[in-house]
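Here is a short tour for anyone meeting this structure for the first time. Take a look at the sequence and the model, then read on.

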Amino acid sequence: MAGRATDILSAFWAPLCAIGSHGTSGPNAQISVSVFGASIVPERPRLLVVLHKTNYTHDLVSQAGTLAITALSRGSAGLLEPLGLVSGRERKNKLDGLDYKLTAAGDPYFATGVAMLDCEVLTEHDLGDATSFLVAVRSLEALAGGDPLGWQEAKEVVGEEFLARWAEKSAREREVAFATMTWKD
Ligand SMILES: Cc1cc2nc3c(=O)[nH]c(=O)nc-3n(C[C@H](O)[C@H](O)[C@H](O)COP(=O)(O)O)c2cc1C
């Protein structure tokens, strides 16, 4: 698959979110475009959250069983670099210097976002390179507001240096994913 037709795949990316969880070394968070609705029962809201195993946050969510999802807005686009291009595996306390709060469980969220969803893991599904977490939304909190931020809009504000670093990081992670993902030829 190549060329413009593959652009349609990025239309399936969900709004940008920060996924926060915690462990014995403290809180951590990452960026995700893979949070999808998974319930038609309003009083039992569920989401599917796909996290790659290379990410430190993946392991924290799996171990803690709780996570905070911050739906990001244009006003929170400044979080994309520290949370999306840097790993807590390499930089301990990667949230230092960022303005965050903790849920009762200890999961970090970011006040500049649209809203925070306090979640608990119901089940995990192994995708090889990633895990799909089915989560229950236990509570919701309105934050600074604005509209949810899509990747097409975010690309306009992040700048060339971010896009170059993101392309380089993505290429490395694609190699790992290629070798480990569930697939049939
Ligand atoms: C725009 C953007 C979208 C991303 N989407 C996802 C995603 O959907 N799932 C995922 O696991 N990682 C995604 N990432 C990558 C993680 O945010 C990134 O690898 C991060 O450094 C992981 O941090 P951690 O190791 O501290 O958890 C995305 C990154 C960016 C910049």
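A charge sits over a ring if NZ of Lys or CZ of Arg is within 6 Å of the ring centre and within 35 degrees of the ring normal. Lys92 fits that description: it lies over the face of Tyr56, at 4.9 Å from the ring centre. Keep in mind throughout that this is a predicted model.

**Aromatic pairs**

A pair of aromatic rings is described by the distance of the centres and the angle of the planes. How many aromatic pairs does the count come to? There are two aromatic pairs. In one, the rings of Trp13 and Trp151 have centres 6.1 Å apart and planes at 45°, so the pair is tilted. Trp13 sits in the loop between α1 and β1 (17–23), while Trp151 belongs to helix α4 (residues 151–158), so this pair ties together parts that are 138 residues apart in sequence. As for cover, Trp13 is partly exposed at 38% relative accessibility, and Trp151 is buried at 12%.

Then there are Tyr100 and Phe110, with ring centres 6.5 Å apart and planes at 55°, so this pair is tilted. Tyr100 comes from the loop between α3 (80–84) and β6 (101–102), and Phe110 from the loop between β7 (108–109) and β8 (115–126), ten residues apart. Tyr100 counts as partly exposed, at 29% relative accessibility. Phe110 is buried, with a relative accessible area of 1%.

**Strands side by side**

Strand β4 (residues 46–52) runs antiparallel to strand β3 (residues 35–37), and three bridges join them. One contact to look for is Phe36, whose bridge partner in β4 is Leu48. β4 also runs antiparallel to strand β9 (residues 130–142), this time with seven bridges. Here Arg46 has Ala136 in β9 as its bridge partner.

**Salt bridges**

Side chains of opposite charge can pair when their charged atoms come close. A search of the whole structure turns up eight salt bridges, and here are some of them.

| Salt bridge | Closest N to O |
|---|---|
| Glu120 and Arg138 | 2.9 Å |
| Glu161 and Arg165 | 3.9 Å |
| Lys169 and Glu173 | 2.8 Å |

Glu120 forms a salt bridge with Arg138. This pair links distant parts of the chain, with Glu120 in strand β8 and Arg138 in strand β9, 18 residues apart. Glu120 is partly exposed at 34% relative accessibility, whereas Arg138 is exposed at 53%.

Glu161 and Arg165 both lie in helix α5 (residues 160–180), four residues apart, or about one turn of the helix. Glu161 is exposed, with a relative accessible area of 58%, and Arg165 is partly exposed at 33%.

What separates Lys169 and Glu173 in helix α5? They are four residues apart there, so about one helical turn lies between them. Lys169 is buried, with a relative accessible area of 11%, while Glu173 is partly exposed at 24%. Back with the Glu161 and Arg165 pair, salt bridges that share partners join Glu81, Glu161 and Arg165 into one network.

**A nonpolar patch**

Last stop: the surface. Which residues make the nonpolar surface patch of about 340 Å²? They are Ile8, Leu9 and Phe12. Ile8 is found in helix α1 (residues 7–10). Is Ile8 buried or exposed? Its relative accessibility is 52%, so it counts as exposed, the cut-off for that being over 50%.

Notes: Residues numbered from 1 in each chain as written. Predicted model: local features only at pLDDT ≥ 70, side-chain atom pairs only at ≥ 80, totals over all residues. Heavy atoms only, no water. Patch = residues over 30% accessible without salt bridge, like charges linked within 9 Å, V, L, I, M, F, W, Y side chains within 5 Å. Areas by Shrake-Rupley, 256 points an atom, 1.4 Å probe, with all protein chains shown as cover. Salt bridge = Lys/Arg side-chain N within 4 Å of Asp/Glu carboxyl O. Helix = DSSP H or I, 4+ residues; strand = E, 2+ residues; numbered from the N terminus. Buried < 20%, exposed > 50% of the residue type's maximum accessible area, 1.4 Å probe, protein only. Pairing = 2+ DSSP bridges. Phe/Tyr/Trp six-rings, centres within 6.5 Å; stacked < 30°, edge-to-face > 60°.
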